[in-house]
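Visitor: I am new to this structure and would like a close look at a single part of it, namely one helix and whatever surrounds it. Could you take me through that part slowly, and then show me how the rest of the chain is arranged?

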Amino acid sequence: MQAAPGVYVIGAVASRAYLLGGVELTLIDAGGPGSAGRVLRAMARLEHRPQDLTRILLTHVDLDHVGGLGPLVEASGARVYAHPAAFERLAEGRVPRGDRGLSSAWALLRGLFVLPRRIEMQGEPLDDGAALPVLGGLRVVYTAGHSPDHVVYSLEQPRLIFAGDLLEARRGHLEACPGPGAAARQETVLALRRLASLDPLGILPGHGPAYRDNIALRLVRLAEILEE
Ligand SMILES: [Zn+2]
C-alpha cells in the first residue's frame, strides 16, 4: 500500500513499518520478530534486491519495532539510524516489549529472540534536527514522551510525520501515547506542540491507520488535554 509517492506501508509483525525511496530504499522501523521476510517480500514486489535497502531508521527500541532488525541488517547490510539513547538500549540488551502490538505469545518468545546487538551493524546516532537525504528531505525530531529514546521523522514534501508510538489514530481520533509519569507527560506536550508547528498533512503511526484530519489543531488540543 502506498501512503504517498515513494512511501509504502508494510504490515510488519505487531506494528507498521514504512519503506521510502526510489533507487535506494530507507526503512522506518523493523517490526516485531519475524518481520524481515515481510519487508524483503515487499521490496521484491517493488523489484528491489535486499542490498537496495541502505538505511534502517528506528523511532525507538521496543521489541515490536526492532524485532526484525537483525535479519534485515544481515540480508541488506543497511546502516542503522536512531537516537543515541536507542543505541544504548540495544547495546545493553534492554529491549522493552512495548505496551502495544505484541501479544503475550510474543512476550514468551522474547527469551528466544536474538538481540540486534549480536548482529554486526553500522550505527549512525541521530541528533534532533538532523536531515537525511530521503525523498527530498527527512528531518529527525526528538520527541521523548513515549520513551526517552523516541524520535519521529518528518518528511518535508509532502509534509508527513512518521510518528512511531508517540501518536495513534483510534476509532478515527488521533491520540497521544505518553509513557508513565508526569515528566513523560510534559515531554509529550512539548513534542505535540513542536509537531503542530510543522503543520503536517498526514500522521503515519507505528500502529494502526494514517490520520489526515486538521492535524495541527488536533495536536494542540491533545497537548492542552495532557496539561489539564
Ligand atoms: Zn509499538
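Guide: A definition comes first: angles between axes under 35 degrees count as roughly parallel, over 145 as roughly antiparallel, 65 to 115 as roughly perpendicular, and the rest as oblique. Keep in mind as well that this is a predicted model.

With that in hand, look at helix α3, which covers residues 69-76, and at helix α1, which covers residues 36-45. The two pack at an angle of about 40°, with their axes 8 Å apart, and α1 and α3 are therefore oblique to each other. Where they meet, α1 contributes Ala36, Val39 and Leu40, while α3 contributes Pro71, Leu72 and Ala75. Sorted by class, this contact of α1 with α3 has 6 nonpolar residues, with no polar and no charged ones.

Within α3, the residues that are buried are Leu69, Gly70, Leu72, Val73 and Ser76. The elements that cover these buried residues of α3 include α1, together with the strands β4 (25-28), β5 (53-57) and β6 (79-82) and the helices α2 (63-66) and α4 (84-92). As general background, an α-helix has 3.6 residues a turn, so residues three or four places apart point the same way. After α3 the chain goes on to Gly77, whose phi is positive, near 75°.

Gly77 also leads to another stretch of the chain, for its C-alpha atom and that of Glu120 are separated by 9.2 Å, although the two residues are 43 residues apart along the chain. Glu120 has its place in the loop between α5 (104-109) and β7 (123-125), and, with a relative accessibility of 75%, Glu120 counts as exposed.

Helix α2, one of the elements that cover the buried residues of α3, spans residues 63-66, and the zinc ion is coordinated by residues that include Asp64 and His65. The full list of donors is Asp64 (OD), His65 (NE2), Asp165 (OD), Asp165 (OD) and His207 (NE2), at 2.1 to 2.7 Å, and along the sequence these donor residues follow the spacing D-H-x99-D-x41-H. Asp64 is buried, with a relative accessible area of 0%, and His65 likewise counts as buried, at 0% relative accessibility.

From here we can turn to a second helix, α6, which has 16 residues, 182-197. At 1.5 Å a residue this helix should span 22 Å, and its end C-alpha atoms are 23 Å apart, which agrees. The buried residues of α6 are Ala184, Thr188, Val189, Ala191, Leu192, Leu195 and Ala196. These pack against the strands β9 (138-142), β10 (151-155), β11 (160-164), β12 (167-170) and β13 (173-176), and against helix α7 (215-227).

Beyond α6, the loop between this helix and β14 holds Leu198, which at 33% relative accessibility counts as partly exposed. Leaving aside residues up to four places away in sequence, Leu198 touches Val141, Ser154, Arg159 and Ile161. The C-alpha atoms of Leu198 and Ser154 are separated by 8.5 Å, and these two residues are 44 residues apart along the chain. In the loop between α6 and β14 (202-205) we also find Asp199, which has a positive phi of about 50° although it is not a glycine, and which counts as partly exposed at 41% relative accessibility.

Most residues other than glycine have a negative phi, and most peptide bonds are trans. Against that background, Ala14 deserves a look too, since its phi is near 75°, a positive value in a residue other than glycine. Ala14 is found in the loop between β2 (7-11) and β3 (16-21), and with a relative accessible area of 22% it is partly exposed. A cis peptide bond, with omega about -5°, joins Gln157 and Pro158, and Pro158 lies in the loop between β10 and β11.

Finally, stepping back to the whole chain, the protein has 7 helices and 14 strands, and 54% of its 228 residues count as buried. Among contacts between residues at least 6 apart in sequence, 64% join residues at least 24 apart.

Technical notes: Residues are numbered from 1 along each chain as its sequence is written. This is a predicted model: local features need pLDDT of at least 70, side-chain atom pairs count only at pLDDT 80 or more; totals for chains, interfaces and linings use all residues. Side-chain values use heavy atoms; hydrogens and water are left out. Donors are N, O and S atoms within 2.8 Å of the metal (3.2 Å for Na, K and Ca); water is not among the atoms, so sites may look incomplete. Buried means under 20% relative accessible area, exposed over 50%, partly exposed in between (1.4 Å probe, protein chains only). Axes are lines fitted to C-alpha atoms, for helices over the stretch in contact, and angles run from 0 to 180 degrees between N-to-C directions. Helices (H or I, at least four residues) and strands (E, at least two) are DSSP runs, numbered from the N terminus. Contact means heavy atoms within 4.5 Å. Ala, Val, Leu, Ile, Met, Phe, Trp, Tyr, Cys and Pro count as nonpolar, Asp, Glu, Lys and Arg as charged, and the others, Gly among them, as polar. The expected span of a helix is 1.5 Å times one less than its number of residues.
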